[in-house]
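Trainee: Got a minute to go through this one with me?
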Amino acid sequence: MGRGSETIREVARLYIRRQRQAVAGCDDTSLTSCWILGELGRSGELTLQGLATSIGYDKSWTSRVVETLAAEGLIANKSHPADARCVSLALSRRGQARFAAINDALDGDARDLARLIPAEKRAMVDEALLLLLEA
């Protein structure tokens with residue numbers, strides 16, 4: 001694949017940088033916190049282990065970030081319905097509002113970026129991105 005793999009890596013690196021800048025105005029939420037809020041926002045509820053697995057970080061590190069977000073009132077701990085020894089994590093109302101603000105910022109940034117692609121090539125870019133997503 002050669003140059004294509006380098007291009008994918010560079011696009012991913014630059015897009016993550018853009019995302020950091022886009023969410024910087026969302027109440028100073030870090031990108032890592034955004035990932036956690038995003039996972040909980042999309043899934044509704046996860047155990048700590050499930051959250052750590054889905055974002056690709058270890059459980060102890062994820063736990064520290066979750067504690068910070070819970071102290072800020074963004075995440076609520078709930079009794080796990082199937083295992084009393086376990087808790088489920090979910091967004092609080094405040095967390096849902098932050099999740100919505102982050103999504104709005106990221107969606108707006110993605111639309112701005114897409115507008116920079118010549119109109120006649122946008123369908124081709126969309127198709128390539130869908131192929132990459134499926135891969």
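Mentor: Sure, let's start with the fold and then turn to charges.
Mentor: Keep in mind that this is a predicted model, where local features need pLDDT of at least 70, side-chain atom pairs count only at pLDDT 80 or more, and totals for chains, interfaces and linings use all residues. Residues are numbered from 1 along each chain as its sequence is written, and side-chain values use heavy atoms, with hydrogens and water left out.

Trainee: Okay, how many helices and strands does the protein have?
Mentor: Six helices and three strands, going by DSSP runs (helices are H or I, at least four residues; strands are E, at least two; numbered from the N terminus). The order from the N terminus is α-α-β-α-α-β-β-α-α.

Trainee: And what share of the residues is buried?
Mentor: 28% of the 135 residues. Buried is under 20% relative accessible area, exposed is over 50%, and partly exposed is in between (1.4 Å probe, protein chains only).

Trainee: Switching to charges, how many salt bridges are there?
Mentor: Four, counting a side-chain nitrogen of Lys or Arg within 4 Å of a carboxyl oxygen of Asp or Glu. One of them joins Glu10 and Arg13 at 2.5 Å, N to O.

Trainee: Where do Glu10 and Arg13 lie?
Mentor: Both are in helix α1 (residues 3-23), three residues apart, about one turn of the helix. Glu10 is partly exposed at 36%, and Arg13 is partly exposed at 40%.

Trainee: What about Asp112, which residue does it pair with?
Mentor: Arg115, with the closest N and O atoms 2.7 Å apart. Those two are three residues apart in helix α5 (residues 93-115), so about one helical turn separates them. Asp112 is partly exposed at 41%, while Arg115 is exposed at 52%.
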